[in-house]
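Biologist: Could you take me carefully through the enclosed spaces of this protein, and tell me what lines them?

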Amino acid sequence: MVSKELAQAREHEAAAGAAVQEEDRPVCHFTARTGWLNDPNGLSFYNGTYHLFYQYHPYSTYWGPMHWGHAVSRDLIKWKYLPAAMSPDTEYDKSGCFSGSALTLEDGRHMLMYTSCGDSSEDPTGKGRWLQTQSLAILGDDGEYVKYEGNPVISEKDLPEDADPYEFRDPFIWKGKDGTYRVLVAAARAAEAAGEEPEGGTYILMYRSSDGIHWGDGKVFFEDDRRIGVMWECPNFFPLGDRHVLIASPMDMKAEEGEAVGSIRFPQGNNVCYITGRYSEDSDTFVPDTDRAGRYRYEPVDSGLDFYAPQVLHTIDGRRVMIGWMQDPSVGNTESNGRRQSGIFGQMTVPRELSLRDNRLIQWPVSELEEYRTDESVWPPITMAPVWLRVPGIEGRAMDLEIDIRTKRSCKGCGMRFAADEEHYTQLWYDPAKSVITIDRSHSGQDESIPSKRTVKVSERKGRLSLRVILDKWSAEIFINGGEQVISVTYYTDLSAEGIRFRAEGEAEMDITAYKLAADR
Ligand code: FRU
């Protein structure tokens, strides 16, 4: 049985989705069927195909009462829309179906676990926040995800005393080697408890279940006393190499300087970080790797301007693949951000395969993306010059570029511009002496006051820099030095700005292999 709210959302998305012009969608990046999209949810493989659900407001290009959109794919790149899976249509989730994850139950049924946002009238702060609980929706024989009659399955009573039931969300579920289920849920610690204003840090709580449906035994899996942020949204936890990795999206961080003068490790606000460590399934404890001061070590996942709330998928061939929401959450919902006239707003990153090298997270576009490459052009070493040079054939808004740069001592800097015309460009600039890279979209054509520039330290490699740059209409994802660092950035420059240019101040040369990206292979 489909509720009237869900039926209405589906009717709307079918009509409005059909009206979205194909040119208004990126080539290889997922966008909502219609309207607004934020976090990826419920990434899983079920019934012979990958499933991606997403935080979805079909009725406008702004965030609103959250639905779960739904799409399926065989290769994680090309997605087929299915009807929305959930809408806020019960008393306990009437204010929104927030982020969550998916799993296949022992009996073969696909199950979604999500945060149900209910009533706001009792929020003691008077801010009108919604009571947040965790709920289930299980796939029925008719192909519909049916909200479980025992919802919510984890609620206020399952929280530590000093946790805040109004900031309690984003269940990440998995099945342990021992055959029992575990879920991590983020919760803020209430302000009074830690004696701090406005909030007292974060908990990542773990609950266990023998059947995936009845949850008990909550415990604190990880806690943070406002060292970073106030609430760590969207926790993910998974094995990688010889370690386990915790990825989360802390809100309201203070800015942190980078190692090089003028560089930033974390800008102020919402960020995504990862922590490596050792996990024991027997005791369900996670011991993070530490820094020199003996405190847990945390690192940025993406050093660009637009990346948040990623989710990690376990593929059938054993890879850990991450998809993020490619948007700065603080600017995503402002009035001013461009391109809403297309009827869609927000996009995911390309799926990125994760690995660990020397305990550092390495990200690389999944190999499936290479199937979408066409028109290869390979260039012998090109001597760069102190003017913005174009390379014949290397032009366009949907490109996959592999660039190797070698600078000599005299080189003061080198870089590239893309989505460029006479007036506009987005620029990447490398300073070999300082080993920093700056991404700058301040000339991309936007006029609103949003963060537009960021400088990050890159590892010193004797003046060598290798880049893989995925351009897809309104975004760039730049994988630096084999994926040691990634910079994701969006820009809303008119599509007629197709230029790509290169420049160096002082001696430098580069090799380029370039492809166009095309949806129809
Ligand atoms: C992260 C987030 C989640 C929440 C969802 C609501 O972007 O704030 O914590 O579940 O988005 O849409």
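Modeller: The lining of the largest cavity has five nonpolar residues (Ala, Val, Leu, Ile, Met, Phe, Trp, Tyr, Cys, Pro), three polar and one charged (Asp, Glu, Lys, Arg), every other type, Gly among them, counting as polar. This is a predicted model, in which local features need pLDDT of at least 70 and side-chain atom pairs pLDDT 80 or more, while totals for linings use all residues. Residues are numbered from 1 along each chain, and hydrogens and water are left out, side-chain values using heavy atoms. That lining is made up of P26, T31, R339, I344, F345, G346, Q347, W474 and Y492, each with an atom within 4 Å of a cavity point (1 Å grid over protein atoms alone, where a 1.4 Å probe fits but cannot get out). The volume of the largest cavity, taken as the space filled by probe spheres on points joined across faces, edges and corners, is about 80 Å³, and five cavities of 30 Å³ or more are counted.

The second largest cavity holds about 70 Å³ of space; 14 residues line this cavity, and S99, G100, D170, C234 and Q311 are the closest to its centre. Two or more lining residues come from each of the strands β1 (35-46), β5 (96-104), β9 (163-175), β13 (232-240) and β20 (308-314), strands being DSSP E runs of at least two residues, numbered from the N terminus. By class, the lining of the second largest cavity divides into seven nonpolar, five polar and two charged residues.

Methods:
On a 1 Å grid over the protein atoms alone, a cavity is a set of points where a 1.4 Å probe fits but cannot get out, and a pocket is an open set with protein on both sides within 12 Å along at least five of seven lines; lining residues have an atom within 4 Å of a point. Helices (H or I, at least four residues) and strands (E, at least two) are DSSP runs, numbered from the N terminus.
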